[in-house]
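Welcome to this short tour. Please open your viewer and keep the selection tool ready.

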Amino acid sequence: MLPVKKSTHQYHSLEEIRLRKEELAEAIQQDSTKFSTLWNQTFIKRENSTKGEYISGLIANSITAIDAFLLIRKLMKGYGNLFGKSSGKKSKKKR
């Protein structure tokens, strides 16, 4: 996350405000350019992957999917009643 700069500028004329506005607009444009470049680099399609890279990616994705499944199963077992699922353990009523 980008640091937030709190300005403590005191402006004495409209010209100072206009100059500050132009500076901020330029900074925003530069940040926008940086963000769009980073965003586009995130989704670059990788080419020339070898068979070994394909298999290692497949294994890594499979392990992630299995891990997610086991985590959800464990959470549902422990906290299923929060999600509208009964826990399966019914208390016996005393007569």
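**Stop one: helix α1**

Select E23 to begin: its relative accessibility is 47%, so this residue counts as partly exposed. Keep in mind that what you see is a predicted model.

Now add R20 to the selection. E23 and R20 are joined by a salt bridge, with 3.5 Å between the closest N and O atoms. The two residues both belong to helix α1, three residues apart, or about one turn of the helix. R20 has a relative accessibility of 23% and therefore counts as partly exposed, since buried means under 20%.

Next, pick E15 and R18. Their side chains form a salt bridge at 3.9 Å, N to O. Here again the partners sit three residues apart in helix α1, which covers residues 14-42. E15 is partly exposed at 45% relative accessibility, and R18 is partly exposed at 48%. The count of salt bridges comes to two.

**Stop two: helix α2**

Move on to helix α2, residues 51-79, and select L58 there. With 47% relative accessibility, L58 counts as partly exposed. Which residues make a nonpolar surface patch with L58? Add Y54, I55, I59 and I63 to see the patch, about 520 Å² in area.

**Stop three: the whole chain**

Finally, zoom out and colour by secondary structure: the chain has two helices and zero strands. Switch on the surface, where the chain exposes about 10300 Å², with carbon and sulfur atoms supplying 59% of that area. How much of the chain counts as buried? The figure is 1% of the 95 residues.

Key
Residues numbered from 1 in each chain as written. Predicted model: local features only at pLDDT ≥ 70, side-chain atom pairs only at ≥ 80, totals over all residues. Heavy atoms only, no water. Patch = residues over 30% accessible without salt bridge, like charges linked within 9 Å, V, L, I, M, F, W, Y side chains within 5 Å. Areas by Shrake-Rupley, 256 points an atom, 1.4 Å probe, with all protein chains shown as cover. Salt bridge = Lys/Arg side-chain N within 4 Å of Asp/Glu carboxyl O. Helix = DSSP H or I, 4+ residues; strand = E, 2+ residues; numbered from the N terminus. Buried < 20%, exposed > 50% of the residue type's maximum accessible area, 1.4 Å probe, protein only.
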